[in-house]
Amino acid sequence: VKRFAVIGHPVAHSLSPRIHAAFGKQTGIALEYTTIDAEPEQFDVRLAEFAAEGGVGANVTLPHKGRAAAFCTSLTERARRAGAVNTLIRTGTGWEGDNTDGVGLVRDLTERHGLDLRERRTLLLGAGGAARGVAPALLDAGIGDLFIINRTPERADALADALAQPGRVHPRYFSDIASIGTFDLIVNATSATRDAKLPTLPVALAGPRTAAVDLSYGEVAIPFLAWARAAGAHDCIDGLGMLVEQAAESFQRWHNVRPETDAVYAAILAGHD
Ligand code: ATR
């Protein structure tokens, strides 16, 4: 049986083991998928232990996505652009790093939720690992201008620079937020609501056509999505669908089979509170 794991901190409540078990059952592929709780400074050691125990693939979650990118012996183009890794593939010489978050988000928004992303004026809140993971895929999906606001402005500037599309990508300050207009897509990629400290957002950011997306799910996504609903957004979407889609993309990298996600999404949604 091939061994997989998700490495993060905290990681005990990760839904990834359930999702990958369901994909394995659906496709008839035998696999073991566990969780590895590793504090930031333990990432390298725990991953080496996992490899020594026969681990052939892993997902990487908070707070290790940036460290994983530095640790890998090779990166896919999309992981390199993101500067963040959520999927590890064991090779003869070490680990290849991939990032399936962006493609997972775009697939969830366009296919599950039926959104046309093209030309959407987009606001990305946050410039950490989660934001870096999804920004390139959003640009590739044909969104319009992308505005990036981050608590630490230097990180918004750095992400905008890395995206290398100066005519289209605009870093802004939180202090500008009252005067930057209305957006067709607003993505919360901050971890602020994990500490229940979402910065105040003006309702004028959202209009009747706006889709608001929180990359988290469950309780953590509630404050931002409640704001979006109150602000009149048309679609209020949490990150559960993205989670299932990024998992499917990782599964395909490991097993060369694309699992069907709708039934697994429905089961996770039903069993998740
Ligand atoms: P992740 O992988 O979830 O993106 P991260 O790399 O630590 O984790 O990034 C967290 C993001 O949430 C950052 O954009 C962070 O802003 P800073 O770059 O200024 O740290 C943002 N964030 C976290 N807590 C926040 C808060 N209370 N208010 C606003 N932004 C916050």
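**Ligand shell.** I started with the ligand and found 19 residues around it, counting a residue as near if its C-beta atom, placed from the backbone, lies within 6 Å. The closest are Gly128, Gly129, Arg151, Thr152 and Ala192. Helix H6 (residues 129-140) gives the largest share of this shell, three residues. By class I get seven nonpolar, seven polar and five charged; Ala, Val, Leu, Ile, Met, Phe, Trp, Tyr, Cys and Pro count as nonpolar, Asp, Glu, Lys and Arg as charged, and the others, Gly among them, as polar.

**Ground rules.** Note to self: this is a predicted model, where local features need pLDDT of at least 70, side-chain atom pairs count only at pLDDT 80 or more, and totals for chains, interfaces and linings use all residues. Residues are numbered from 1 along each chain as its sequence is written. Helices (H or I, at least four residues) and strands (E, at least two) are DSSP runs, numbered from the N terminus.

**The sheet.** Next I looked up the strand order: six strands make an open, mixed sheet, S2-S1-S3-S5-S6-S4. Two strands pair if DSSP finds at least two bridges between them. S2 (31-37) and S4 (74-75) sit at the edges with a single partner strand each, so one side of each has no neighbour in the sheet. I then checked S3 (residues 55-60) and S5 (residues 87-90): they run antiparallel, joined by three bridges. Ala58 stands opposite Leu88 in S5.
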